[in-house]
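Got your viewer open? Load the model, show it as a cartoon, and follow along one selection at a time.

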Amino acid sequence: MTHTPKSALTPAFFTILFILPIIAIHAVDLDGGINLRNATAIEKTESGGDAELDQLDSAALWFDASSASGEGRILSLSGQGSYEYADDRTYLFNIDHLKASAWMPGAIGNNAVLELDAGRFLFADPSAFIVKHVADGLRFRMLKPGMSFELSGAYTGLILNPKSDIRMTGPDRADENDEDNTFFGPRRAVAGATLSFPNAGRYENVSVYAYGQFDLREGDDDIEIDTQYLGISTTKLHGSSLYGDFFFNAEFGQIRNPVEDTRNIAGFLLGMGLRWYREDLKSSRLAFRVLAAPPDYATDMIEGVKVASVGYLPVSETDLAVCVTPGLSALGMVEVRYSLRPFADSGNAMAARFCPELSARGFFRTWTVGVTWIETDPDSDSFYLGTELEANLAWRVLSDFGVGLDGAIFLPGGAADSSMDSLWSCGINVSVSL
């Protein structure tokens, strides 16, 4: 497979375009380092299968350069490149991010700030359930007292295939398993607009947003899908330490099949939760959330127009569990997490950073249909699918040395096939910053 020089030169183009003005105008503050990480896990992720060893070693080199003017304006350039070794891949070099930014107070009014970002960085909507993925593009943000407005656009087709979680169609998933012939991930363009109101009355924040995703796949025989999303998210403070979160994303789209007429699709995702913080109680954190989406089904909502529900199909895949990978179609999930720092008051900085966490997730289907991520009993009318329990320990032993332990088990039940056995994972992470 051949690749055009344009894709290889894109990061260098951003580097040259933005770092030269920073160096030329003002003195530059430079910082950088290297992060080393080892992740080792023993896991059983297939029913009836054997436990397997999963190994990942990485080294990431990062830098941050910034320059400030007397008017409070800041120009900056940051980037990170990494090398990875895994048990199924001997090497992988990647540009994790490369972003040029400008922070310009007074550029569009005395009480406003203009912020511009360009390059490769994380694009995410307020709910993080439409898109949350690194991509190459631009972001414009205007900030005023009581309001902010953001426009962004990105392209995902220059992300290395092993690093891409943009998997919306069958061809996307087929490419994921064909790394030998598919160098880059799926080619999609994403554009979004968000209007936010911080401190809106009794709400900490209210955001309304619109996003669109456009399939740029060029194969004549491939199924293509374009999707559009409208959403609202809110955060409300109850008392002094309890936050309530809510979001609702509505999805619309068009599926273009080379052997069929274009088909319209619709779906939605609802999420709500509570977050409780008490620094005076050993830095306790308690979180609860619920997610719900409809199932896939075909219907004729408008006479003469074919419309189908896709449940909910985001642009980027979302990790909701450790041992299983639930899809959002027909998904109902309830999650509880609790963490604390038991030695927060000890006066010992090393001990104070010791942070265990426990979590439990219950998975359901919102209609008595089969789901793709777990085998179900076709004769069962139960909505319950199973529970995952997880214990995690994060400990920043020193400022530049950290250790993490994680163990999880998924217990199938209810509508899950009776022959399915438990799935589990146990792993350790070690990180060093230099």
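Select N199 to start: at 61% relative accessibility it counts as exposed (over 50% relative accessible area; under 20% is buried, in between is partly exposed, with a 1.4 Å probe and protein chains only). N199 sits in strand 8, which covers residues 188-200. Its backbone has a positive phi of about 55°, although N199 is not a glycine. Most residues other than glycine have a negative phi.

Before you move on, some ground rules: this is a predicted model, where local features need pLDDT of at least 70 and side-chain atom pairs count only at pLDDT 80 or more, while totals for chains, interfaces and linings use all residues. Numbering runs from 1 along each chain as its sequence is written, and side-chain values use heavy atoms, with hydrogens and water left out.

Next, click on A128, in the loop between strand 5 (113-124) and strand 6. Here too phi is positive, about 65°, and A128 is not a glycine. A128 is partly exposed, with a relative accessible area of 25%.

Now slide into strand 6 (residues 132-144) and pick F140. Is F140 buried or exposed? Neither: F140 is partly exposed, at a relative accessible area of 29%. Show its surroundings and, leaving out residues up to four places away in sequence, you'll find F140 touching L114, E115, L116, F149, E150 and L151 (contact means heavy atoms within 4.5 Å). For a distance to try, draw a line from F140 to A118: they are 22 residues apart along the chain, with C-alpha atoms separated by 8.9 Å.

Stay in strand 6 and select K144. K144 counts as partly exposed, at 36% relative accessibility. Setting aside neighbours within four places in sequence, its contacts are N111 and A112. K144 and I108 are 36 residues apart in sequence, and 10.0 Å apart C-alpha to C-alpha.

Hop over to D180, in the loop between helix 2 (170-176) and strand 8. D180 is exposed, with a relative accessible area of 76%. Its C-alpha lies 9.9 Å from that of N161, 19 residues away along the chain.

Time to go inside. Which residues have the most contacts within the largest nonpolar core? Select I130, V315, F363, W373, I374 and F410; the core has 39 residues (a nonpolar core is a set of buried Ala, Val, Leu, Ile, Met, Phe, Trp, Tyr and Cys residues joined through side-chain atoms within 4.5 Å). Colour the strands that each supply at least two residues of this core, among them strand 9 (203-215), strand 10 (224-238) and strand 19 (401-412). In soluble globular proteins, nonpolar side chains tend to be buried together. Then zoom in on F410: beyond its neighbours within four places in sequence, its contacts include C323, V324, F363, W373, I374 and M420.

Finally, zoom out. The protein chain has 3 helices (H or I, at least four residues) and 20 strands (E, at least two), which are DSSP runs numbered from the N terminus. Its C-alpha trace spans about 70 × 60 × 55 Å along the principal axes. Buried residues make up 39% of the 434 residues. Of the contacts with a separation of 6 or more, 57% are between residues 24 or more positions apart.
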